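Please look over the sequence and fold below. This report covers one sheet and two pockets.

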Amino acid sequence: MSAILPPPRRIWWKEPVDKVEIIWIVIAFVWCMIMFFMMPYWHVYGKQNLSPETYKVRPELFARASQEMVDKYTVRTETELKIPVVAPPAGSDVYLIARLWDWWPILELEKDKTYRLHLTAMDYQHGFSLQPENINIQVLPGYQHVITIQPNRSGTYAIVCNEFCGIGHHKMVSKLYVK
Ligand code: CUA
C-alpha cells in the first residue's frame, strides 16, 4: 500500500494500525503533553509568560490618563517624531499606548522600584515584546492589560511589536529606560 495509489481494500479504516503509526501517535502525544505542561511550568519558573490583569477600557479615557502622565512627567523628547520620554515617580501608574506604528510615550523607570504598567492599543492588535528579556504581552484595542513590574536591571530595553499590524509593523519599535 502506498500513500499515492488508492488503497486496494476500500474499507481501509478497518485495517490494523501499523506499528510505525502507533509509534508516531505516541511520540506526537508525548510531545503535546510536554508542550502543554511547559506553559504553566514556564509561567512559574521562566517568569516570561505573565498573567496580566485585564480590564475593558475606553480608548479616550486611556488616552487622557496617558496624556496627564506625559504632561506631568516628561523629561525630554526623542527621535524626529518628538516622542516624549516620561519619568513617572516610583509606585505610580504608567501608561503605554500601542498604535499604528509607534509606542507612546517612552518610559524611563527606576531600578528596583515598582510600577503599574497599563497597556492598550488604539486601533488594531499589537504585541508588546520586551527585549532582551523576551516578555510578551498581547495589546488589544478596547482592553487594558495591567502588570505590576519591578525592573531589576538598569539599561536600555527594546520594545518591538510582535503581532503583524500592517505595512509599518517592522518599524514599530521603541525603548524602555531603566536607571
Ligand atoms: Cu504593531 Cu506590529
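The notes below take the sheet, then the pockets.

This is a predicted model: local features need pLDDT of at least 70, side-chain atom pairs count only at pLDDT 80 or more, and totals for chains, interfaces and linings use all residues. Residues are numbered from 1 along each chain as its sequence is written, and side-chain values use heavy atoms, without hydrogens or water.

Seven strands (DSSP E runs of at least two residues, numbered from the N terminus) form an open sheet with mixed pairing. Pairing takes at least two DSSP bridges between two strands. The order is S2-S3-S6-S12-S11-S8-S9. S2 (74–78) and S9 (135–139) are the edge strands, each paired on one side only. Neighbouring strands are turned by 25 degrees on average, direction ignored; axes are lines fitted to C-alpha atoms. S6 (residues 106–109) and S12 (residues 173–178) run parallel, joined by three bridges. Leu109 has Val178 in S12 as its bridge partner.

Now the pockets. A pocket is an open set of points on a 1 Å grid over the protein atoms alone, where a 1.4 Å probe fits, with protein on both sides within 12 Å along at least five of seven lines; lining residues have an atom within 4 Å of a point.

| Pocket | Volume | Lining residues |
|---|---|---|
| Largest | about 560 Å³ | 23 residues |
| Second largest | about 280 Å³ | 14 residues |

Volume is the space filled by probe spheres set on the points.

S10 gives the largest share of the largest pocket's lining, three residues. For the second largest pocket, S12 gives the largest share, three residues.

Methods
Helices (H or I, at least four residues) and strands (E, at least two) are DSSP runs, numbered from the N terminus. Axes are lines fitted to C-alpha atoms, for helices over the stretch in contact, and angles run from 0 to 180 degrees between N-to-C directions.
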